[in-house]
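User: Could you walk me through this structure, from the overall fold to the open spaces in it?

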Amino acid sequence: MENIYQKFEEQLKQSRGDRLLLHACCCPCSSHCLEVLEGHFDITIYFYNPNIDTEEEYEKRFAELVRFTKEAPFAKDVKLVKAPFSTEEFREIARGREQEPERGSRCYDCYKLRLRSTAEYARAGGYDCFSTTLSISPYKNADWLNEIGFELEREMEGPYFLFSDFKKKNGYKRSIELSAEYGLYRQDYCGCRYSREERDRKKAMQEAMKNQ
């Protein structure tokens, strides 16, 4: 694909307060994204993450978004939409691929699941554009995310997809700084059962090495 960040900057300049539906996976990832987008778009966050394995985790992440949008001056006008907690759609796409490592085909289809729901909600709600905060993470494939988003734009014939690679220009580092500034809950796994299990295995190995 062409330079994603260059395309993003062009879209940013062209926007005149367009209504943006921004898919968000969590508050730390959203923090810097909102800082960058503020003033360019009329932003609504769409919290839809069927990959998150427990309702407790789902509610905890959303609660942080609510708190942050009340406290951060650049997020005070952001609106929030929370999809109901459900893991069925994610379990369906993960079936047979439970043992795949992160960043494999299961993750690709998880991105697609979440972005499709975002695009459909944006179209039904009359939004001008849609995007996702996922590209700020160094653990997520920005090329895949932008490929999927652009395909959905063409398939649905609008709204347009806002290209992004929010980790550019130290975006990920800035999200860590904002997390510290606002005391945000910063989870250490993507949300799905498989990433949680992988995290637990790594922790157990590290602990075992310490005790040798």
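Analyst: What follows covers the fold first, then the cavity and the pockets.

Analyst: This is a predicted model, in which local features need pLDDT of at least 70 and side-chain atom pairs count only at pLDDT 80 or more, while totals for chains, interfaces and linings use all residues. Residues are numbered from 1 along each chain as its sequence is written, and side-chain values use heavy atoms, with hydrogens and water left out.

User: What does the secondary structure of the protein chain come to?

Analyst: The protein chain has eight helices and five strands, where helices (H or I, at least four residues) and strands (E, at least two) are DSSP runs numbered from the N terminus. Read from the N terminus, the order of elements is α-β-α-β-α-β-α-α-β-α-β-α-α.

User: And how does the radius of gyration fit a compact globule?

Analyst: It agrees, because a compact globule of 212 residues would have a radius of gyration near 17 Å and the protein chain has 17 Å; the radius is taken over C-alpha atoms, and the globule rule is 2.2 Å times the number of residues to the power 0.38. Along its principal axes, the C-alpha trace spans about 60 × 40 × 35 Å.

User: In what order do the strands sit in the sheet?

Analyst: The five strands form an open sheet in the order S3-S2-S1-S4-S5, with parallel pairing, two strands being paired if DSSP finds at least two bridges between them. Strand S3 (79-82) and strand S5 (160-161) are the edge strands, each pairing on one side only.

User: How many bridges join S2 and S3?

Analyst: Strand S2 (residues 41-47) pairs with S3 in the parallel sense over four bridges, and Phe-47 has Lys-82 in S3 as its bridge partner. Helix H3 (residues 55-71) packs on the sheet, touching S2 and S3, and its direction makes about 170° with that of S3. Contact here means heavy atoms within 4.5 Å, and axes are lines fitted to C-alpha atoms, for helices over the stretch in contact, with angles from 0 to 180 degrees between N-to-C directions.

User: Which strands does H2 lie across?

Analyst: Helix H2 (residues 27-37) lies across strand S1 (18-23) and S2, running at about 160° to S2.

User: Switching topic, how many cavities of 30 Å³ or more turn up?

Analyst: The search of the whole structure finds one, with about 70 Å³ of space in it. On a 1 Å grid over the protein atoms alone, a cavity is a set of points where a 1.4 Å probe fits but cannot get out, whereas a pocket is an open set with protein on both sides within 12 Å along at least five of seven lines, and lining residues have an atom within 4 Å of a point. Helix H5 (residues 105-124) gives the largest share of the cavity lining, five residues, and the lining as a whole includes Asn-51, Phe-90, Cys-190 and Cys-192.

User: And which residues lie nearest the centre of the largest pocket?

Analyst: Glu-102, Asp-188, Tyr-189, Cys-190 and Ser-195 do, out of 34 lining residues, and the pocket holds about 860 Å³ of space. Helix H8 (193-210) is among the elements that each supply at least two lining residues, and H8 gives the most, with eight.

User: What about the second largest pocket, what is its volume?

Analyst: That pocket has a volume of about 160 Å³, and its lining includes Asn-51, Phe-90 and Cys-192. Helix H4 (88-94) and H8 each supply at least two residues of that lining.

Definitions and conventions:
Points joined across faces, edges and corners; volume = space filled by probe spheres on them.
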